[in-house]
Amino acid sequence: MSREITLEPTVMIEELMFYIHQNEMGGDCIDPSNRFFPLYLELQKLKDKLDNEKHDLYHSVTADETK
């Protein structure tokens, strides 16, 4: 089975978070006592930061186009 490799940072972060959740945390719930929880949390923060930057950039471009 081959998979498409995507080098977009947010996609890579999501894939790593999915892997951690499914394979290291059991896939049911996120357990704060799990040794991978700090990494999972930092990845979520990074993903949120990248998403916000993308959102802010989109709105700044949209605002410039309407002037």
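Which residues does M25 touch, not counting residues up to four places away in sequence? In this predicted model, M25 touches I20, I30, D31, N34, F36, F37 and Y40, where a contact means heavy atoms within 4.5 Å. Residues are numbered from 1 along each chain as its sequence is written, and side-chain values use heavy atoms, with hydrogens and water left out. As the model is predicted, local features need pLDDT of at least 70 and side-chain atom pairs count only at pLDDT 80 or more, whereas totals for chains, interfaces and linings use all residues.

The chain contains two helices and zero strands; these elements are DSSP runs numbered from the N terminus, with helices being H or I of at least four residues and strands being E of at least two. Of its 67 residues, 15% count as buried. Here buried means under 20% relative accessible area, exposed means over 50%, and partly exposed lies in between (1.4 Å probe, protein chains only). The accessible surface of the chain amounts to about 5,600 Å², and 58% of this belongs to carbon and sulfur atoms. Accessible areas come from the Shrake-Rupley method with a 1.4 Å probe, and for residues only the protein chains shown count as cover. Among contacts between residues at least 6 apart in sequence, 38% join residues at least 24 apart.

M25 also belongs to the largest nonpolar core, which has six residues: I13, M17, I20, M25, Y40 and L43. Such a core is a set of buried Ala, Val, Leu, Ile, Met, Phe, Trp, Tyr and Cys residues joined through side-chain atoms within 4.5 Å. The elements giving two or more residues to this core are α1 and α2, and the largest share, three residues, comes from α1.

Further residues of helix α1 were examined individually. H21 is found in helix α1 and is buried, with a relative accessible area of 15%. Leaving aside neighbours within four places in sequence, H21 is in contact with G26, G27, D28, C29, I30 and Y40. T10 is likewise found in helix α1 and counts as buried, at 7% relative accessibility. Residues up to four places away in sequence not being counted, T10 touches L50, D51 and K54. L16, also in helix α1, counts as partly exposed at 38% relative accessibility. L16 and L43 are separated by 27 residues in sequence and by 8.4 Å in space, C-alpha to C-alpha.

A search of the whole structure finds five salt bridges, a salt bridge being a side-chain nitrogen of Lys or Arg within 4 Å of a carboxyl oxygen of Asp or Glu. One of them joins the side chains of K54 and E8 (3.8 Å, N to O). This pair links distant parts of the chain, 46 residues apart, with K54 in helix α2 (residues 37-65) and E8 in the segment before α1 (9-24). K54 counts as partly exposed because its relative accessibility is 46%, and E8 is partly exposed as well, with a relative accessible area of 33%.

A salt bridge also forms between the side chains of K47 and E14 (3.5 Å, N to O). K47 lies in helix α2 and E14 in helix α1, so the pair ties together parts that are 33 residues apart in sequence. K47 counts as buried, at 15% relative accessibility, whereas E14 counts as partly exposed, at 38%. E14 and K47 are further linked with D51 in a network of salt bridges. Within helix α2, the side chains of K45 and E42 meet in a salt bridge (3.3 Å, N to O). These two residues both lie in that helix, three residues apart, about one turn of the helix. K45 counts as partly exposed at 47% relative accessibility, and E42 counts as partly exposed at 45%.

On the surface, I5, L7 and M12 form a nonpolar patch with about 370 Å² of accessible area together. Patches are made of residues with over 30% relative accessible area and no salt bridge; like charges are joined within 9 Å and nonpolar side chains (Val, Leu, Ile, Met, Phe, Trp, Tyr) within 5 Å. Of these patch residues, M12 lies in helix α1 and counts as partly exposed, at 41% relative accessibility.
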